[in-house]
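Work through the exercises below with the model open beside you. Try each task before reading its solution.

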Amino acid sequence: METLSQDTKNILGLKLVTDPRWVDLASISLKDILSDHAWCEQKAATSCITLISKYSNKEKLVTELAPIVTEEWGHFRKVLTEMHKRNLTLGPQRKDVYVNELIGFQKKGGSPEERFLDHLLTMALIEARSCERFKRLSEGLRDEYMRSFYRRFMESEAGHYTLFINLADTYLPKEKVRKRWKEWIDYETGLMQSMEVRGDRIH
Ligand SMILES: [Fe+2]
Ligand SMILES: [Fe+2]
């Protein structure tokens, strides 16, 4: 029986579990999954840099996200190494429907505080869903090497999810964070249900 970290157990609080067909489709399109995954890590790193630039007056946020930039960039390089081993190249970035739809749910007219909260919760949700997808890959792929490859990402992204929630709790009232998080989870559940199950992308 595998032991999961508490961070990963928390992820399983996501309402909707990935359609089991997704891992089978992903295993057939591993080349596309790797490229898409690399871009996800690249975006994770740049999103943390954006947060640091935007909220540079928030000391804890700056201190805690600075090493995450390095970590996500390390993830990007790890995936790139796997691609090069297979003679694959990164290729162009695809349109990220999942992330675009999440951004569409962010409050546009709210207070700066509400926009800040939505920014952190968007990041938390992307980390949570990525972790859940990596968990499926770490359990469902036939190749043992790739299963352990994705297991390491799973644990790491779970830690990031917790970090973003903790940052929200640091700067905003906990009840407000919980209430809005629930709205995000419900929205994401509907979004996942509406999206086509495709094996060529992480989300
Ligand atoms: Fe990552
Ligand atoms: Fe992450």
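**Exercise 1: the span of H7**

Task: compare the end-to-end reach of H7 with its expected span.

Solution. Count first: H7 has 28 residues. Next, take the distance from its first C-alpha to its last, which is 42 Å. The expected value at 1.5 Å a residue is 40 Å, and the reach is close to it. The expected span of a helix is 1.5 Å times one less than its number of residues. Helices (H or I, at least four residues) and strands (E, at least two) are DSSP runs, numbered from the N terminus.

A note on the source: this is a predicted model, where local features need pLDDT of at least 70, side-chain atom pairs count only at pLDDT 80 or more, and totals for chains, interfaces and linings use all residues. Residues are numbered from 1 along each chain as its sequence is written, while chains are lettered from A and ligands numbered from 1 in the order in which they are written.

Task: list the buried residues of H7.

Solution. Apply the burial rule. A residue is buried if 20 or more other C-beta atoms lie within 10 Å of its own, exposed if 12 or fewer, and partly exposed in between; C-beta atoms are placed from the backbone. In H7 this selects Phe153, Met154, Glu157, Ala158, His160, Tyr161, Phe164, Ile165, Leu167 and Ala168.

**Exercise 2: the core**

Task: find which residues touch the most other members of the largest nonpolar core, and which helix gives the most to this core.

Solution. Start from the term. A nonpolar core is a set of buried Ala, Val, Leu, Ile, Met, Phe, Trp, Tyr and Cys residues joined through C-beta atoms within 7 Å. The largest one holds 38 residues. Leu120, Ala124, Tyr161, Phe164 and Ala168 touch the most other members. Helices H3 (30-54), H4 (59-85), H6 (112-140) and H7 (144-171) each supply at least two residues of this core. H6 gives the most, with 12 residues. In soluble globular proteins, nonpolar side chains tend to be buried together.

**Exercise 3: H3 and its partners**

Task: check the span of H3, then say what its buried residues pack against.

Solution. The 25 residues of H3 should span 36 Å at 1.5 Å a residue. Its end C-alpha atoms are 35 Å apart, so the two agree. Among the buried residues of H3 are Ile33, Trp39, Cys40, Ala44, Cys48 and Leu51. The buried residues pack against H2 (21-28), H4 and H6.

Task: how are H3 and H4 oriented to each other?

Solution. Axes are lines fitted to C-alpha atoms, for helices over the stretch in contact, and angles run from 0 to 180 degrees between N-to-C directions. The axes of H3 and H4 come within 8 Å and cross at roughly 160 degrees. Angles under 35 degrees count as roughly parallel, over 145 as roughly antiparallel, 65 to 115 as roughly perpendicular and the rest as oblique. H3 and H4 are therefore roughly antiparallel. The crossing is left-handed (left-handed if the near helix is turned anticlockwise from the far one by less than a right angle, right-handed if clockwise).

**Exercise 4: two crossings of H6**

Task: classify how H6 crosses H8 (residues 174-194).

Solution. The two axes come within 10 Å and cross at roughly 50 degrees. H6 and H8 are therefore oblique. Their crossing is right-handed. Leu117, Leu121 and Leu125 of H6 meet Val177, Arg180, Trp181, Trp184 and Glu188 of H8.

Task: repeat for H2 and H6.

Solution. These axes come within 10 Å and cross at roughly 75 degrees. That makes H2 roughly perpendicular to H6. Trp22, Val23 and Ala26 of H2 make the contact with Arg136, Leu137 and Gly140 of H6. Two residues are in contact if their C-beta atoms, placed from the backbone, lie within 7 Å.

**Exercise 5: single residues**

Task: is Ser130 buried or exposed?

Solution. Locate Ser130 in H6. Ser130 is buried because 25 other C-beta atoms lie within 10 Å. Leaving aside neighbours within four places in sequence, Ser130 is in contact with Cys40, Glu157 and Ile202. Ser130 and Glu157 are 27 residues apart in sequence and 7.0 Å apart in space, C-alpha to C-alpha.

Task: describe the setting of Asn87.

Solution. Asn87 lies in the loop between H4 and H5. Asn87 is exposed, since 6 other C-beta atoms lie within 10 Å. Its phi is positive, about 60 degrees, although Asn87 is not a glycine.
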